[in-house]
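Biologist: Could you walk me through this model, starting with its pocket and then moving to the cores?

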Amino acid sequence: MPPSVDHIRSVAEAYLARHSDERDSLTLLFTALAAADDPTNRKTFPAHVTCSAIVINGARHVLHIVHKASGKLLAPGGHNEPDDRHLRDAALRELHEEAGIPRSAVVSLSGFEDVPLDIDVHTIDGNPSKHEPAHHHVDFRWVFLLGAGHAVTLQEEEVDGYEWRPFTSAASPTVRSKLALLP
């Protein structure tokens with residue numbers, strides 16, 4: 001069973017308790033949560049929920065994956081699947097699928113076990129071959145620390161490469177600003 005609307009709303013409200021100034025930017029999320037369609041379904045338009053894993057290694061660098069579909073350098077992540085009971089589960093599954101890092105190799109950053117580091121709303125171009133109009137992803141970005149000795153093993157069907165970037169060079173400006181606040 002995918003994450004429930006109540007779970008998503010609860011996580012979003014916990015996030016907004018820390019970042020109340022971002023409530024207006026999450027209007028599309030709350031609109032999707034009030035609609036009849038499953039907000040985690042990739043066919044829910046004009047917006048649906050996705051999840052990403054912000055993985056930090058011992059050198060305080062962040063993992064970025066080169067996605068084949070977009071050519072962009074992003075955190076490992078993507079759409080929810082029916083077996084993802086919680087939003088964080090989707091981020092951990094995607095991390096394993098894209099980077100070969102199992103959930104046992106990471107631990108949530110203290111204080112972020114149940115609250116994402118960031119929630120971002122971004123536009124996705126339409127894809128006529130998949131009958132998808134332009135839409136928005138509301139991406140819940142969960143932060144994890146990578147245990148020592150775990151390597152990245154890419155899923156070559158979806159990704160072309162990876163980079164470890166310092167906090168100051170994280171691809172997402174909102175993640176970059178929040179990483180700068182970590183002790």
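**Pocket and cores**

Modeller: Lining the largest pocket are 43 residues, and His 67, Ser 70, Leu 74, Ile 124 and His 137 lie nearest its centre. (A pocket is an open set of points on a 1 Å grid over the protein atoms alone, where a 1.4 Å probe fits, with protein on both sides within 12 Å along at least five of seven lines; lining residues have an atom within 4 Å of a point.) This is a predicted model, where local features need pLDDT of at least 70 and side-chain atom pairs pLDDT 80 or more, while totals for chains, interfaces and linings use all residues. Numbering runs from 1 along each chain as its sequence is written, and side-chain values use heavy atoms, without hydrogens and water.

Biologist: Is Ser 108 buried or exposed?

Modeller: Ser 108 sits in strand β5, residues 106-108 (strands are DSSP E runs of at least two residues, helices H or I runs of at least four, numbered from the N terminus). Its side chain makes a 3.0 Å polar contact with that of Arg 88 (N or O atoms within 3.5 Å, one able to donate a hydrogen and the other to accept it; residues adjacent in sequence count only if both atoms are side-chain atoms). Since its relative accessibility is 12% and the cut-offs are under 20% for buried, over 50% for exposed and partly exposed in between, with a 1.4 Å probe and protein chains only, Ser 108 is buried.

Biologist: Which element gives the largest share of the largest nonpolar core?

Modeller: That core has 33 residues, with Leu 29, Ile 101 and Phe 140 having the most contacts inside it (buried Ala, Val, Leu, Ile, Met, Phe, Trp, Tyr and Cys joined through side-chain atoms within 4.5 Å). The largest share, six residues, comes from α3.
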